[in-house]
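Here is a structure to get to know by asking how its labels are earned. Have a look first, and then we'll go through them.

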Amino acid sequence: MTKKPKPKRKRKKAVDECMIPPPMPVEELPDLVLPRNDNEVGKIAEYVQQQAKGETVLHAEKVTTEHVMGRKHECWDVRTNKERYWVITSPTNLYTHKLFPSLDYTISFHIGVAARMMSKNEPGVDVLEQMTMPDAWRRWEQAGEVLNESEEAEDFQAVEMRCRECLIVMVRTLSTPSMVPPDTPAPKHADVVHWCELISNHVAKGSSAKEVRGYLKATSKAAWELGRVDEFDQAETSGETDDRSEISGGLLAA
C-alpha cells in the first residue's frame, strides 16, 4: 500500500523588522562626540560665524590632524544652518563642501598653496605682467622687504596689512563698473572677495570655464582670509606670515 505524501506546512512569512533609521538631527551630534574639547569647538564655531555672516554653527567635529613640515593642521567638519564647511588651521581658513567635497583634496590645497609660495619673495611673473598692476606688485614687494627684517609680532602684523592692501589695489585696478550685474549694488572698494567673484565671472565666462572660475574665486577668498589678522592666529611666526605674503603674490600672478 502506497503511503500518501504528507502535505507541506505553509510557513508564515517572516515579518521584516529591519528598518533604516532616519538621519540623526544635526543638533544632537555634539552630545555624541567623545572626547570633545568645548574650548576648541567654541573657537572654531566663533571663527566660522565671523566669516559666514548670518549663519549659525550647529555642529563642529575635529576629523583629523595632519603634521606637515613641522606644522600641525587640524581639520574640522563644521555644519551650520545653511552650509557645511571644512575648517583647516595653521593658518585657519574655511572651505565649503560644495567646492571642496574631498577633505584629502582640501588639505592638499590648503597646505600646497602655502608651500608653493614659501620659497622666495620675488614675483613669479615677468616684467610685462607686473606692469599690468604696478601698484599692487610694488606693495607686495614692500611687504616682502618688511618681512625679511621682521622680528616682533607687530612687525608680522604690519606685513599682513600690506598684503591685504596689495589685494585691495589689485581689485581696484582690474574691476570696472560693467562687471556689476544690472540692478545689483556694487561691492565696496575694499570688498576684495566679492570684487574677485565679479572679476572671475568676467574673465572666465561660460560653462567651459566653470572650473577655472571656481578656482579663481576659491583662491582669492583663501588669499584674503589668510591675510586676515585676528585673535585666532595670535601666535604668529615668520613662516606663517611668509605664507600670507606669498599667497597674496600667487593671487596677483593668477
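**Labels and the values behind them**

Q: Why is Lys62 called partly exposed?
A: Its relative accessibility is 33%. Buried means under 20% relative accessible area, exposed means over 50%, and partly exposed is in between (1.4 Å probe, protein chains only). Since 33% falls in between, Lys62 counts as partly exposed.

Q: What kind of model is this, and what does it leave out?
A: This is a predicted model, where local features need pLDDT of at least 70 and side-chain atom pairs count only at pLDDT 80 or more, while totals for chains, interfaces and linings use all residues. Residues are numbered from 1 along each chain as its sequence is written, and side-chain values use heavy atoms, with hydrogens and water left out.

Q: What makes Lys62 and Glu40 a salt bridge?
A: Their closest N and O atoms are 3.0 Å apart. The label needs a side-chain nitrogen of Lys or Arg within 4 Å of a carboxyl oxygen of Asp or Glu, so this pair qualifies. Lys62 sits in strand S1 (residues 57-68) and Glu40 in helix H1 (residues 38-51), so the pair links parts 22 residues apart along the chain. Helices and strands here are DSSP runs (H or I, at least four residues; E, at least two), numbered from the N terminus. Glu40, at 25% relative accessibility, is partly exposed too.

Q: How do you know that Lys98 and Glu83 tie together separate parts of the chain?
A: Start with the salt bridge, whose closest N and O atoms are 3.2 Å apart. Lys98 lies in the loop between S4 and helix H2 (103-116), and Glu83 in the loop between strand S2 (71-80) and S3, so the two partners join parts 15 residues apart in sequence. Lys98 itself is exposed, with a relative accessible area of 67%.

Q: Where do Asp135 and Arg138 lie, and what joins them?
A: Both are in helix H4, 3 residues apart, or about one turn of the helix. Their side chains meet in a salt bridge at 3.6 Å, N to O. At 42%, Asp135 is partly exposed, and so is Arg138 at 38%. Elsewhere, salt bridges with shared partners join Glu40, Lys62, Lys72 and Glu74 into one network. In total, the structure holds 7 salt bridges.

Q: How do you know that S3 and S4 pair?
A: Two strands pair if DSSP finds at least two bridges between them. S3 and S4 have 4 bridges, in the antiparallel sense, so they pass. One of the links is Val87, whose bridge partner in S4 is Leu94. The two strands make a hairpin with 4 residues between them.

Q: What stands out in the loop between S3 and S4?
A: Ser90 has a phi near 60°, a positive value in a residue other than glycine. A cis peptide bond, with omega about -5°, joins Ser90 and Pro91. Ser90 counts as buried at 14% relative accessibility.

Q: Why is Thr89 called buried, and what is it in contact with?
A: Its relative accessibility is 12%, so it counts as buried. Contact means heavy atoms within 4.5 Å. Leaving aside neighbours within four places in sequence, Thr89 is in contact with Ile44, Lys72, His73, Glu74 and His110. A polar atom of its side chain lies 2.9 Å from the backbone nitrogen of Glu74.

Q: What makes a group of residues a nonpolar core, and which elements contribute to the largest one?
A: A core is a set of buried Ala, Val, Leu, Ile, Met, Phe, Trp, Tyr and Cys residues joined through side-chain atoms within 4.5 Å. The largest has 20 residues, and Leu167, Met170, Val171, Val192 and Trp224 have the most contacts inside it. Helix H4 (134-148), helix H5 (153-174), H6 and helix H7 (210-226) each give it two or more residues. Apart from it lies another core of 13 residues, including Tyr47, Val48, Trp76 and Val87.

Q: How do you know that the length of H6 agrees with what a helix should span?
A: The expected span is 1.5 Å times one less than the number of residues. For the 12 residues of H6 (residues 192-203) that gives 16 Å, and the end C-alpha atoms are 16 Å apart, so the two agree.

Key. A polar contact is a pair of N or O atoms within 3.5 Å; within protein, one must be able to donate a hydrogen and the other to accept it, and residues adjacent in sequence count only if both atoms are side-chain atoms.
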